[in-house]
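Hi there,

Here is the structure I promised to pass on to you. Have a look at it first, and then read on for what turned up in it.

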Amino acid sequence: MGKYTEEQLEKELETQEYKYGFVTDIETEKAPIGLSEDIIRLISAKKNEPNWLLEYRLKAYKAWLTMEEPEWAHVNYPKVDFQDIYYYAAPKPKKQLDSLDEVDSELLEMYEKLGISIDEQKKLSNVAVDIVMDSVSVKTTFQDTLAKLGIIFGSFSDAVQNHPELVKKYMGTIVPYTDNYYAALNAAVFTDGSFCYIPKGVRCPMELSTYFRINEAQTGQFERTLVVADQGSYVSYLEGCTAPMRDENQLHAAVVELVALDDAEIKYSTVQNWYPGDKEGKGGIYNFVTKRGLCEKNAKISWTQVETGSSVTWKYPSCILKGDNSVGEFYSVAVTNNLQQADTGTKMLHLGKNTKSTIISKGVSAGNSQNSYRGLVKINKNAINARNFSQCDSLLMGNKCGAHTFPYIEVDNKSAKVEHEATTSKIGEDQIFYCNQRGIDTESAIKLIVNGYAKDVLNQLPMEFAVEAQKLLAISLEGSVG
Amino acid sequence: MSVVLEDKKQAFLANFVAKSADKDSSIAKQEALKALENLEFPTTRDEYWKYTRVGKITNANYSQSPSFNVSDISRYLVEGLGAYLVVFVNGFFSEELSEISQAKGITICPIAKARKEHVDEFDQHFGRLSKHESQFFSAVNTVYNTNGVYLNIEKNSVVDKPIHMINLTDAANAAYNPRNLFIVEENAEVTIINSYETISGSSFTNSTTEIYVNEGATVDSYILQNQSETSKQVNEIDVVQKANSIYTANTVTLNGELVRNNYNIEVKGQGCKTNLYGLCLTSGNQHIDNHTIIDHIEPNCESNEVYIGVLDDSSTAVFNGKVFVRSEAQKTNAYQQNKNMLLTDDASAYSKPELEIYADDVKCSHGSTTGQVDEEAIFYLRTRGVSELNARKMMIRAFANEILENIKIDALRAVLESKIDERFS
Amino acid sequence: MLSIKNLHASVDGTEILKGLNLEVNAGEVHAIMGPNGSGKSTLASVLAGKEDYEVLGEITLNGKDISDLAPEERAAEGVFLAFQYPVEIPGVSNVNFLKTAVNDIRAFKGLPPMLAKDFLKLLKEKRALVELDKKLTNRSVNEGFSGGEKKRNEIFQMAMLKPKLAILDETDSGLDIDALRIVANGVNKLKSADNATIVITHYQRLLDYIIPDFVHVLYDGKIIKSGTKELALELEEKGYDWLIKPEMAQ
């Protein structure tokens with residue numbers, strides 16, 4: 001390769017496409033466009049829901065109507081027209097499937113493209129996958145193995161049908177529909193999502209994984225995930241997302257609720273790779289997500305996220321450390337390039353005694369993007385001996401992007417020890433030159449350096465995901481060097 | 001705005017009308033008057049006022065034109081300082097208590113006088129920096145200010161001794177709006193001390209100060225807030241720095257029921273240095289809120305910010321520091337640190353150190369720590385024979401020292417040190 | 001092997017190298033000495049292709065003009081610079097770093113990536129050569145290394161990458177006598193009839209361990225005197241003044 005110029009890079013970029021930007025031609029069933037009580041009733045009826053759930057949806061809808069879109073985040077985008085969205089788009093239902101051979105061949109092909117060949121996965125890796133396309137769960141693997149342990153893992157709709165008592169008990173307790181604008185919207189119109197219950201004392205033997213896919217144009221994705229880890233149980237949960245390349249902005253407003261009962265542990269990892277829009281900022285997903293977990297006594301919740309996609313991200317996975325000795329962790333790498341905007345971080349609410357939280361956030365901004373860390377650490381008056389450590393670093397590549405840090409630290413108890421550190425700097429020219437001198441070209445050097453910079457976070461991911469995440473970081477930064 | 005709120009606002013503003021007899025026809029005043037039609041009392045819904053309620057200020061009734069009778073101000077002087085003295089009592093300039101010998105290159109006078117006698121300079125600078133169009137209290141000050149200090153340091157003049165402004169209140173419940181304008185010309189150097197003290201009673205001080213630090217100039221400023229425990233203060237300091245200038249502010253808050261400081265620093269030239277240091281020692285139900293904005297507009301500048309809080313009883317300290325680095329401001333070094341020490345379970349610390357960065361070749365960092373006295377260190381000291389009380393005092397002093405050691409005037413530092421020791425004995 | 005003709009280099013309008021000439025043949029060791037600020041480190045950086053300088057003149061390596069090549073291309077051509085201040089790269093392990101370097105250079109030469117097994121073998125072999133602790137190869141590049149460990153790591157990388165032309169920029173600075181011996185041994189073992197070494201140093205000390213064939217004195221951006229090993233001893237004894245003074249008198 002000759003001297004790597006910006007022009008060459010640009011040429012390369014034009015040919016290099018968002019890897020997941022294909023559209024799968026599957027027959028879908030759509031509800032009429034727009035949002036109204038009738039649409040909500042239709043969704044609920046389609047899903048054959050019990051009346052309490054319909055009531056819940058309608059209450060949420062009424063609350064939503066009175067709420068305003070939040071504007072405090074450091075993002076700027078044309079407002080969403082909520083009447084110009086399809087709230088229900090499902091692959092046409094087929095009869096219950098018994099084996100893979102019966103799965104729609106188009107669907108199977110899509111899984112291949114997504115890198116989730118179900119067959120392969122059954123053999124090779126120890127991951128159970130639930131796939132949600134356009135908000136409807138289409139396939140869950142490994143059901144039998146999990147069922148033997150009493151683990152319930154599958155689509156949210158199935159759980160509503162088969163385990164209504166569990167859903168009713170926990171749904172909306174961590175993220176009530178009154179929580180915020182998008183949470184209310186989700187509660188009104190969610191179509192599906194994943195549900196997971198780990199019984200007392202059970203250590204889930206494999207990674208549970210949900211793959212989210214937006215396929216239809218003009219649809220919003222409103223999925224809901226609920227993970228309940230009963231006393232003394234453990235689960236590691238993975239979430240991945242992709243969408244086709246489209247000129248329009250598509251809305252993704254999800255809610256994730258985690259419940260970790262006494263002595264339980266939930267590890268929740270996300271590799272978010274929604275379509276980020278093109279170089280001019282056209283298209284891309286608006287990713288407005290509410291994620292929150294509750295820790296009872298001695299429980300632990302660990303959020304890990306690798307965020308490379310979406311044109312606008314608004315997302316703060318949080319932990320309510322209610323139980324004594326509970327632990328919350330947040331590990332994040334957020335990469336923005338071109339015209340992407342991300343406002344992401346976490347909230348750690350310390351309520352119990354001896355609670356501990358750790359926040360490691362690594363932002364990388366390139367191109368014309370804006371990348372903000374926003375986080376809250378709150379130590380309540382009764383949270384004796386609470387500990388928090390936060391490290392929020394930002395790396396800037398090029399002088400057209402922005403990196404911002406907005407931490408909120410609220411301490412109401414003297415025994416607390418709270419430390420927050422943040423640095424912002426550009427990628428080290430001396431480091432790049434050092435790599436160059438050893439024969440590594442600038443693009444590879446940057447990948448190497450960024451992966452090194454993000455290592456503390458990547459290390460938190462399960463092996464298969466870590467490899468995928470590293471590749472994603474590399475891809476999303478391509479063309480960011482001048 | 002609701003009728004109730006509108007009425008409340010008018011009632012609050014009525015506290016000031018009678019006193020603004022002075023003829024001020026400035027543009028800023030017109031702008032502020034207009035802004036006040038729409039501006040409301042700040043609430044905790046405003047991000048800028050998230051942790052501070054102003055009800056204690058806005059719900060109070062203030063006595064009108066309080067008279068005063070002060071003859072001895074020796075206890076408010078800094079011993080051994082030898083400064084130019086400008087004294088205000090209840091917002092009124094006291095010529096007899098002040099000591100302003102006019103030296104070459106310096107103009108010090110009440111702002112009311114400058115408005116008439118230095119018309120051009122005044123018009124060029126007054127109200128050009130203050131946030132009267134967006135901030136309620138700044139607008140109130142711009143419309144209703146009665147007096148304050150006008151300071152002009154000529155090019156290349158190095159002021160021989162510090163200028164000490166003493167703001168005293170002596171009234172059951174006084175409200176006043178001091179307004180200062182400092183113009184420091186090219187390569188001039190000056191040290192300014194602004195102290196706020198209460199003789200008796202309580203007060204609401206709504207102060208606005210505009211400072212022009214021109215090319216190569218050096219301004220060292222000190223604010224000492226030591227009003228009574230029922231007094232309130234909102235203090236806005238707007239600074240613009242030109243190339244190669246140095247601006248340093250030390251803000252020490254020892255008392256006051258509710259104190260809110262707003263620093264807005266625009267760094268509009270290359271090679272500038274900006275240092276903001278703050279120390280607050282709070283007790284009782286005090287609420288101290290320090291807000292700072294440093295806006296790096298030009299390249300090759302450096303800013304340093306350290307705020308320290310020692311919080312006792314049921315007091316609260318808020319720190320919200322914001323550093324902007326604009327896309328032109330390459331090679332900026334910005335450092336921001338907030339440290340709080342909580343002495344009781346009822347004290348609260350809220351910290352929001354923010355960075356907003358749009359240039360890539362920068363070194364910016366910030367940190368925030370909140371905790372209690374290091375008990376292991378206390379234990380260590382005690383095993384060496386130090387009494388527990390002294391051990392604690394020692395640790396608190398060491399903690400506060402990070403700010404005190406930046407105070408270049410020995411006489412002032414000595415006063416502060418003794419006040420801190422007094423507090424914890 | 002290396003031929004430098006009339007090399008000028010300046011940074012922000014200040015000329016640092018002012019017409020430097022140097023010929024280095026395969027199998028030779030050249031020492032470049034000179035007082036502070038004479039341009040020694042600039043020469044090293046310019047040879048490695050650092051882009052901070054405006055460069056005029058000709059640099060050829062084995063007959064090929066390398067003066068317009070990017071740093072990584074020069075590295076692939078066989079130029080290796082042992083940095084005076086090796087750079088720390090947090091989170092990137094030495095192994096990963098070297099694997100990337102080795103394979104990028106191989107790719108440049110049209111060779112397939114090295115098999116993991118072969119790479120590991122090479123790694124172990126070279127690690128032993130410079131007596132580098134295994135722990136260090138797994139740690140992040142230079143991060144938290146002592147001064148001596150960093151310098152040893154440079155020589156280790158040099159061993160891994162087998163350069164044609166090695167430039168050691170003040171490799172002896174900050175080394176105690178044992179570390180100096182180990183580093184020098186490493187360099188000597190890597191020396192062959194096919195490669196060449198340029199040793200940049202302040203002091204004669206290093207040259208007791210790495211015996212130079214030629215010694216050059218760099219002053220004010222030019223080589224003002226060349227000689228053999230004995231010149232270094234003479235410099236050690238008399239300093240630079242006797243050489244510089246007549247220069248200044250001109």
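How many salt bridges are there between chain A and chain B? The count is two. Please keep in mind as you read that this is a predicted model.

One of these salt bridges links Lys426(A) to Asp361(B), with 3.9 Å between the closest N and O atoms. Strand E24, residues 417-426 of chain A, gives two or more residues to the side that touches chain B, and so does strand E23, residues 402-411. Sorted by type, the residues on this side of chain A are eleven nonpolar, 13 polar and eight charged.

It helps to see the whole contact between these two chains. On one side there are 32 residues of chain A, and on the other 37 residues of chain B. Together the two chains bury about 2800 Å², and 46% of that lies on carbon and sulfur atoms. There are also 20 residue pairs in polar contact across this interface, counting pairs with both residues at pLDDT 80 or more.

Now find strand E23 of chain A again, and look across to chain B. E23(A) is joined by six bridges to strand E17 of chain B, residues 348-357, and the two strands run antiparallel. As an example to locate on your screen, His404(A) has Glu356(B) as its bridge partner in E17(B).

Next, turn to chain C. Here 21 residues of chain A meet 31 residues of chain C. The buried area is about 2200 Å², with carbon and sulfur atoms giving 63% of it. Which three residues supply more of the area that chain A buries against chain C than any other three? They are Phe433(A), Tyr434(A) and Arg438(A), which supply 35% of it.

Arg438(A) is worth a second look. Between chain A and chain C the count is one salt bridge, and Arg438(A) forms it with Glu154(C), the closest N and O atoms lying 2.6 Å apart. Across this interface there are ten residue pairs in polar contact, again with both residues at pLDDT 80 or more.

On the side of chain A that touches chain C, the elements giving two or more residues are helix H10 (429-437) and helix H11 (442-453). H10(A) provides the largest share, seven residues. By type, this side of chain A has eight nonpolar, eight polar and five charged residues.

Enjoy exploring, and write back with any questions!

Best wishes

Notes: Residues are numbered from 1 along each chain as its sequence is written. Chains are lettered from A and ligands numbered from 1 in the order in which they are written. This is a predicted model: local features need pLDDT of at least 70, side-chain atom pairs count only at pLDDT 80 or more; totals for chains, interfaces and linings use all residues. Side-chain values use heavy atoms; hydrogens and water are left out. Contact means heavy atoms within 4.5 Å. Buried area is the accessible area (1.4 Å probe) that two parts lose on being put together, summed over both. A salt bridge is a side-chain nitrogen of Lys or Arg within 4 Å of a carboxyl oxygen of Asp or Glu. A polar contact is a pair of N or O atoms within 3.5 Å; within protein, one must be able to donate a hydrogen and the other to accept it, and residues adjacent in sequence count only if both atoms are side-chain atoms. Helices (H or I, at least four residues) and strands (E, at least two) are DSSP runs, numbered from the N terminus. Ala, Val, Leu, Ile, Met, Phe, Trp, Tyr, Cys and Pro count as nonpolar, Asp, Glu, Lys and Arg as charged, and the others, Gly among them, as polar. Two strands pair if DSSP finds at least two bridges between them.
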